[in-house]
Amino acid sequence: MSASAEDRAETASGSSEPVSVDLGEELRASNIQEVLDKLDRELIGLKPVKTRIRETAALLLVDRVRKKLNMTSFSPTLHMSFTGNPGTGKTTVALRMAEILHRLGYIREGHLVSVTRDDLVGQYIGHTAPKTREVIKKAMGGVLFIDEAYYLYKPDNERDYGQESIEILLQVMENNRDDLVVILAGYKDRMDQFFHSNPGFRSRVAHHLDFPDYSNDELLQISDLMLETQNYRLSDGARTVLATYIEARRHQPHFANARSLRNALDRARLRQANRLFESGRKVTVNDLMTIETEDITASRVFSGGLDSTGPGNGRP
């Protein structure tokens with residue numbers, strides 16, 4: 001008769017007393033709480049995403065404890081799909097996920113390699129395989145983040161080499177899952193189509209996280225956080241006007257959540273610097289720190305202008 005898990009644990013400890021484990025101590029020893037706290041500080045909102053990350057961290061922590069007690073344990077499939085609109089924090093969460101996996105011993109190095117189709121797919125015969133393998137080589141021991149992964153698959157183009165890259169990735173995801181975690185990211189509807197057309201990916205991806213758009217209030221909190229890290233702040237009037245800007249910008253083309261807001265604040269800083277320079281007067285520390293109402297209202301958004309130069313990168 002085979003020994004029970006409890007028997008094996010008792011044997012490993014050399015005691016006849018039932019083994020107990022302090023999971024709180026295991027959590028402290030892993031230092032993953034530090035990463036989870038960092039994620040809370042860096043990203044406003046995203047409660048469903050943060051909950052799923054904490055659940056995944058808890059699963060991996062318990063799995064590590066089970067291994068220590070000689071209990072049956074299987075290496076979990078950790079490949080992931082992050083879906084959502086631009087600027088919702090997918091890359092930041094991927095960075096923190098890499099840290100968590102490294103601290104728990106599931107990847108050797110914990111680095112993140114972020115790529116798009118252009119980094120993986122070549123333009124002529126024989127070019128794709130070495131490009132894809134070179135990216136995989138750099139990512140081994142860490143996390144490979146493929147943004148807009150659906151662009152790898154172009155069934156309407158007979159001369160497209162994306163399928164070759166897909167086949168290599170699928171093989172590596174299956175055979176090297178103990179040394180590489182792959183995160184596929186992009187718009188939800190396109191990612192759903194991509195998985196439907198490529199069932200090999202769906203079968204290898206165990207964790208699907210959907211990143212919701214930020215609310216107006218959350219974007220306003222994000223603006224405070226962004227400015228604080230750069231030793232800037234909004235005047236009361238500027239904060240009120242920025243709330244109006246956010247609502248208007250949300251309904252314009254190419255809105256990219258926090259990314260669009262970051263661009264808007266960069267433009268406001270430029271206007272503030274020009275305003276101070278042209279004033280010709282001495283400036284105080286408070287002047288240098290404060291974004292005023294006019295630095296926001298000068299945006300074309302208030303005159304009906306559009307951000308027409310590209311997703312998240314145009315002039316607000």
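A polar contact is a pair of N or O atoms within 3.5 Å. Keep that cut-off at hand for the exercises below, which use a predicted model.

**Exercise 1. Find what sits at the start of helix H2, and what follows just after H2**.

Solution. Begin at Asp22: one of its side-chain oxygens comes to within 3.0 Å of the backbone nitrogen of Gly24, at the start of H2. Set that beside the cut-off of 3.5 Å for an N or O pair. Then move to the other side of the helix: Asn31, just after H2, has a positive phi of about 65 degrees.

**Exercise 2. Work out how H2 is oriented relative to H4, and which residues meet**.

Solution. First take the geometry: helix H2 (residues 23–30) packs against helix H4 (residues 47–68) at about 105 degrees, and the axes are 11 Å apart. Angles of 65 to 115 degrees count as roughly perpendicular, so H2 is roughly perpendicular to H4. Next, list the partners: from H2 come Leu23, Glu26, Leu27 and Ser30, and from H4 come Leu61, Arg64, Val65 and Lys68. Finally, sort them by class: this contact has four nonpolar, one polar and three charged residues. As a help in reading such lists, residues three or four places apart in an α-helix point the same way, because there are 3.6 residues a turn.

**Exercise 3. Repeat the analysis for H3 and H5**.

Solution. The axes of helix H3 (residues 32–42) and helix H5 (residues 90–103) come within 9 Å and cross at roughly 170 degrees. An angle over 145 counts as roughly antiparallel, and therefore H3 and H5 are roughly antiparallel to each other. On the H3 side, the contact uses Ile32, Glu34, Val35, Leu36, Lys38, Leu39 and Glu42. Facing them in H5 are Thr92, Val93, Arg96, Glu99, Ile100 and Arg103. By class, the H3 and H5 contact has six nonpolar, one polar and six charged residues.

**Exercise 4. Decide whether His79 is buried or exposed, and describe its surroundings**.

Solution. Locate His79 in the loop between H4 and strand S1 (80–84). Its relative accessible area is 2%; under 20% counts as buried, so His79 is buried. Now look for a polar partner: a polar atom of the His79 side chain lies 3.0 Å from the backbone nitrogen of Val182. Beyond neighbours within four places in sequence, His79 contacts several residues, including Met173, Arg177, Leu180, Arg204 and His207.

**Exercise 5. Place these details in the whole chain**.

Solution. Start with the elements: the chain has 15 helices and seven strands. Then take burial: 44% of its 316 residues count as buried.

Definitions and conventions: Residues are numbered from 1 along each chain as its sequence is written. This is a predicted model: local features need pLDDT of at least 70, side-chain atom pairs count only at pLDDT 80 or more; totals for chains, interfaces and linings use all residues. Side-chain values use heavy atoms; hydrogens and water are left out. Helices (H or I, at least four residues) and strands (E, at least two) are DSSP runs, numbered from the N terminus. Buried means under 20% relative accessible area, exposed over 50%, partly exposed in between (1.4 Å probe, protein chains only). Axes are lines fitted to C-alpha atoms, for helices over the stretch in contact, and angles run from 0 to 180 degrees between N-to-C directions. Angles under 35 degrees count as roughly parallel, over 145 as roughly antiparallel, 65 to 115 as roughly perpendicular and the rest as oblique. Contact means heavy atoms within 4.5 Å. Ala, Val, Leu, Ile, Met, Phe, Trp, Tyr, Cys and Pro count as nonpolar, Asp, Glu, Lys and Arg as charged, and the others, Gly among them, as polar. A polar contact is a pair of N or O atoms within 3.5 Å; within protein, one must be able to donate a hydrogen and the other to accept it, and residues adjacent in sequence count only if both atoms are side-chain atoms.
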